[in-house]
Amino acid sequence: METLRLRGPRLTLREYRHTPEEVAALHAVHGDPETVRHLPFGVRDFEDCADQVELYLEAAEEEPRTHYRLAVDDPSGEPVGQAALTREDGHAAQLGCVLRRDTWGRGYATEVTALLCALGFETLGLYRLAARCDPANTASVRLLARAGFRYEGRIRAESHRDGGWHDALQYSLLAPEWPGPPWAGPSRP
C-alpha cells in the first residue's frame with residue numbers, strides 16, 4: 001500500500017488505521033446529525049464507520065489507486081475529520097472533507113482543501129479538481145470561492161437522503177489556476 005502523509009502548518013492528512021480509536025474518531029464525525037446534514041449520506045452508526053474504515057484500507061491497496069480517504073489529525077495528533085480525493089479518470093478528481101463539529105471555524109477546512117489540491121496537482125499530476133456541496137452549506141460555498149474554485153452550476157437531484165432528493169453545487173479548479181498552498185508564500189509564476 002502506498003502510504004500518504006501530507007502535512008500543513010497545523011494539520012496532517014494520513015492513511016487510516018483499523019483500530020477502535022480510529023473508528024470512534026470517524027464515528028464522532030459521521031455519527032453527528034449536524035455534521036452530516038449537508039453530506040450525501042445520513043448518520044452512520046459505529047459498525048457502519050468500522051465498515052467504512054475497512055473499505056478505505058481496501059481502496060488504498062487498489063492498483064491503480066483511485067480513492068484517497070485520509071484521516072485529518074489536528075495539531076495534537078487527534079483525528080478530527082476526513083479528507084477525500086477520488087480520481088475520475090487520468091486527469092481529474094473530486095475532493096471534499098468533513099470535520100468534527102467542535103473544530104469548525106478554525107480554518108481547518110481551508111487547510112485540508114489546500115493539502116488535497118497539492119495532492120491532486122503536485123503529487124498526482126491532475127489537471128482538474130472538482131468539489132460539490134449542498135446549496136445550503138454556505139460555509140463550503142465561501143471556502144471553495146476563497147480557494148479559487150469556480151462555480152460551474154447546480155446538479156439537480158444529485159443525492160437521495162432522509163427521504164428526499166437534494167441538489168448540489170459544482171465547483172472546479174484547474175492546475176494553471178491554483179496558486180499553491182497559502183502558507184507557501186507568494187503565488188507561483
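Me: Two strands pair when DSSP finds at least two bridges between them. Helices (H or I, at least four residues) and strands (E, at least two) are DSSP runs, numbered from the N terminus. With that settled, which residue in β8 does H160 stand opposite?

Reply: Heads-up: this is a predicted model, in which local features need pLDDT of at least 70 and side-chain atom pairs count only at 80 or more, while totals for chains, interfaces and linings use all residues. Numbering starts from 1 along each chain as its sequence is written, and side-chain values use heavy atoms, with hydrogens and water left out. β7 and β8 run antiparallel and are joined by eight bridges. In that pairing, H160 faces W165.

Me: Which residue in the turn between β7 and β8 has a positive phi?

Reply: The two strands make a hairpin, with two residues between them. One residue in that turn has phi at about 50 degrees, and that's D162.

Me: Zooming out, which strands stand at the edges of the sheet?

Reply: Eight strands form an open sheet with mixed pairing, in the order β1-β2-β3-β4-β5-β6-β8-β7. An edge strand here has a single partner, so one side of it is left without a neighbour in the sheet. That description fits β1 (5–7) and β7 (150–161).

Me: How much are neighbouring strands of this sheet turned against each other on average?

Reply: Axes are lines fitted to C-alpha atoms (for helices, over the stretch in contact), and angles run from 0 to 180 degrees between N-to-C directions. For this average, though, direction is ignored. The neighbours in the sheet come out turned by 25 degrees.

Me: What is the bridge partner of R132 in β8?

Reply: Look at β6 (residues 128–133) and β8 (residues 164–174), which pair in the antiparallel sense. Six bridges hold that pairing. For R132, the partner in β8 is Q170.

Me: What angle does helix α1 make with β4?

Reply: α1 (residues 20–30) packs on the sheet and touches β2 (12–15), β3 (67–73), β4 (79–87) and β5 (92–99), where contact means heavy atoms within 4.5 Å. Comparing the direction of α1 with that of β4 gives about 85 degrees.

Me: Within what arc do the buried residues of α1 fall?

Reply: Buried means under 20% relative accessible area, exposed over 50%, and partly exposed in between (1.4 Å probe, protein chains only). By that cut-off E22, V23, A25, L26, V29 and H30 are buried in α1, and they pack against β2, α2 (33–36), α3 (46–61), β3, β4 and β5. P20 and E21, on the other side of α1, are exposed. Taking directions from the helix axis to the C-beta atoms, the buried residues line one face of the helix, because they fall within an arc of 160 degrees.

Me: What is the relative accessible area of A157?

Reply: A157 has its place in strand β7. Its phi is near 50 degrees, a positive value in a residue other than glycine. A157 counts as partly exposed, with a relative accessible area of 37%.

Me: What is omega for the peptide bond from E63 to P64?

Reply: P64 is found in the loop between α3 and β3. The bond that leads into P64 from E63 is cis. Its omega is near -5 degrees.
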